[in-house]
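Please work through the exercises below with the sequence and the model open beside you. Try each task before reading its solution.

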Amino acid sequence: MIVNREINSVQVLELDTILKKISEFAISAVGKERIENISPYSEFPELEKELVRINEMTAIFNSSDIFPLQSFPDIGLQMKQVEPEGAFLEPKELIVLKCFLAMIREMVTFFSHKREVYPLLWLIGKGLISLHSLEKEIDRIIDSSGEVKDHASKALFKIRQEIQHKSLNVRRRLKTILNAMTSKGYTSENDLMLRDGRLVIPMKETQSHRLKGLVVDQSASGATLFVEPLEVLELNHDLSRLRVQEKKEIERILKMLCDRIREYRTDIENDFSIAVELDCLMAKAKFSLHMHCKAAQINRGGHLELKQARHPILLLRENQEQVVPLSIQLGGNLKTLVITGPNAGGKTVTLKTVGLLSLMHQCGLHVPAEEGTSIPLFSHIFADIGDRQSIEQDLSTFSSHIMNIHHILKKTDQNSLVLLDEIGSATDPSEGASLASAILKNLTEKNCLTIATTHIGILKVFAHEETGMGNGSMVFDQKTLQPTYQFQMGVPGSSYAFEIAERLGLPSQMIQDARKRVGEERGKLDRLILHLEEELQRVRRLLGEAEIKESKLSALVKLYQEQIHSIEKESEVRKNEILKEAEAILKDANVIVEKTVREIRESQAQRETILEAKNKLKNHRKKIKDLVSQKSDKQIDQIIQGDWVVWKGHKGAGKVISEADKSGRISVQWGNVKLRVQMRDLKLIDRPDEKRSLTGMTTYSIERETKQEIDLRGMRVDEVVAAVEKYLEDATMGGFSQIRIIHGKGTGALRKEVNRLLKNHRLVKHHRLGNWNEGDTGVTIVELK
């Protein structure tokens, strides 16, 4: 893509401000610099891949995966430093390199099993090279404080042993001399002092002749002389020689180590380059999450559609709710859009929102707009916005605009986006209108997408009548005479100059005089626009009222359905009662029949007659039992509030006290205990008497109210397991579907233990680290089964 730098489109649209904000999310200096110098993409495939890569990176942050990329310095500088033969890095620089190599090793491990989950990021990560052997070699030689270890070489170990032995002898001898001098009052301090790397005795200036030796230094007042006794002078010389040997041996070791590093220089530079690329993607993803952005679709047909788009710089300054969203469409039969409306009504912000989001999209960034936003890949983006008069170049405002437009007309093509603010202004209104009409017609004929703002009334008619052009406006509240900053398609707007002037206090007589001077035809046009806007606002109000009524009607339908269900249930209950009565009657009848049979036998009746009577009775009994059993065969999904149920695998009856939620769980009360249970685990029963409902009831001990989060900070790792296990049980029994486990960031030990415990846990459906607004990596979000 070519961004026109001559008229500073990037600067005018303030893309540099957005890139600066994104760079703040980068963790490397090179990553920050690269983001601030992002270039827009010119080809569809590359742009599409970049947007998907950011999608994958945001998915990592929204999951339980821990991305191991951490802050790292410019390793390229270290590689240049070791390039000359014999050069070496200082120990602390080697510690930094070791940490970088360890991070790369963790990144290699991370991407090794993420090919299916993050395929495009995996393609980047697979280029990383783990240099574990070099990492271990640095660790063998350099300790965590940045010092060369004693065992880095046999020679170094021997030298340091000698230094330690001689230092001990020197200290012992000096201590003996110090005690002798101190006991006689010759010293100003009773401790050995260190001057120029040598241990010395602080002698009073008046008594310094009492000790033969070399004066190494003196105090600021001159009252104390720091003397190195002659008898330890030779020992100190030996120590100095040993320290020189130590320094030379350390340099030799470091040069050998850097020779090894030099062998892997190409691999290290490759890893650094990939780390910077991932850092840039991570910064873009964090910005996207921070600003609630989405990836816009790449429209290959030249159509532009923004849905609920917000200007990102306004979002950085204001709350999201305070920024009025913009929805706009351009393309197809509509190539040129003329936006009218009052001053300070939002016309220029609309232009900048379209332009800035188009630039962001082509730089491979997500944009602050809703799903369904679609932006083409433009060849040029031109923006002539603001006053560009120049005293130095002897250019007026009008001349500056005309020079810019002249350049645009020469460079633009059918794949361009042109944004013109206040076209035709800053000159004679009639001449400016004619010139603006010709410019807009020319741009429309080139089939590029053009958005222009204006206060010139004739352009509204021109846009309405001309093929490929259309009107739009910024909604103005005619009652309060305040802008709403809402954009509306298809309707031209009024500048409301008279109304605003009257509100700001200009005399009414002056306003009336001005209205007369504007002309009858212009007055008719303005009145028509006002009428159209009033009608549009009335239609929107009626639409809102209709939506409210539709919502009320839906609520009434739901209420009536519930009442019908309740009536059907009451009918079922009454039917059951009648069937039970019939069963009782049948039992009584059975007793009578048995008695009759006995009497028949006693009276010598036929056996066939007796069997026939019994079979009839048996058939009647079966019919009634079948009717009664229909109650127990009631479907589970018919359980509603007020029903009595038993929990499969548990004793006792409970009463349903809530309807089922989306996950199929309902609240059931057993005595004084309330639990949320899956409806499929319940069985509907008849209402028991009070004694039966309590007998054999399972008792659950709930010591305190279960909250939706648990704070593990301050606990030891071995305490976490029991605490989390108990909390998961309590949260499940309490009916929570999602909980938060706060473990803090710290060293990451608690986070790792929590992650290990939650993995494959019988009560856990899914878990992930918190988003930036949920506590970030210091919190784990758990979804319960």
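Three exercises follow, each with a worked solution, and all of them concern a predicted model.

**Exercise 1. Strand β13 and its neighbours**

Determine whether the residues of strand β13 are buried or exposed, and find which strands pair with β13.

Solution. Begin with the directions of the side chains: Leu449, Ile451 and Thr453 point one way from β13, while Thr450 and Ala452 point the other way, and all are buried. Here a residue counts as buried when its relative accessible area is under 20%. Five of the five residues of β13 (residues 449–453) meet this condition, so the strand is largely enclosed by the rest of the structure. Next, look to the partners of β13: strand β9 (residues 336–340) pairs with β13 in the parallel sense over four bridges, and in this pairing Thr336 stands opposite Thr450. Strand β12 (residues 416–420) is also joined to β13 by four bridges, and these two strands run parallel, with Leu417 standing opposite Leu449. To get from β12 to β13 the chain passes through helix α15 (residues 429–445), in a β-α-β crossover that is right-handed.

**Exercise 2. The buried face of helix α2**

Identify the buried residues of helix α2, and work out where they fall when seen down the axis of the helix.

Solution. First, list the residues: within α2 (residues 15–23), Leu15, Ile18, Leu19, Ile22 and Ser23 are buried. Seen down the axis of α2, these buried residues fall within an arc of 140 degrees, so they line one face of the helix. Finally, ask what covers them: the elements that do so include α1 (9–12), α3 (29–36), α11 (265–290), α12 (312–317) and α13 (347–362).

**Exercise 3. An open sheet and the helices on it**

Establish the strand order of the open sheet of four strands, and describe how helices α9 and α10 are placed against its strands.

Solution. The order is β2-β3-β5-β4, and the pairing is antiparallel. The edge strands are β2 (193–195) and β4 (213–218), each of which pairs on one side only. On average, neighbouring strands of this sheet are turned by 50 degrees against each other, with direction ignored. Now take one pair in detail: β3 (residues 198–204) and β5 (residues 224–229) are joined in the antiparallel sense over four bridges, and Lys204 stands opposite Thr224 in β5. As for the helices, α9 (residues 154–183) lies across β3 and β5 and runs at about 5 degrees to β3. Helix α10 (residues 230–263) packs on the sheet, where it touches β3, β4 and β5, and its direction makes about 75 degrees with that of β5.

How values were computed:
Residues numbered from 1 in each chain as written. Predicted model: local features only at pLDDT ≥ 70, side-chain atom pairs only at ≥ 80, totals over all residues. Heavy atoms only, no water. Buried < 20%, exposed > 50% of the residue type's maximum accessible area, 1.4 Å probe, protein only. Pairing = 2+ DSSP bridges. Right-handed = clockwise from strand over helix to strand, strands pointing away. Arc of directions from axis to C-beta. Contact = heavy atoms within 4.5 Å. Axes fitted to C-alpha atoms, helices over the stretch in contact; angles between N-to-C directions.
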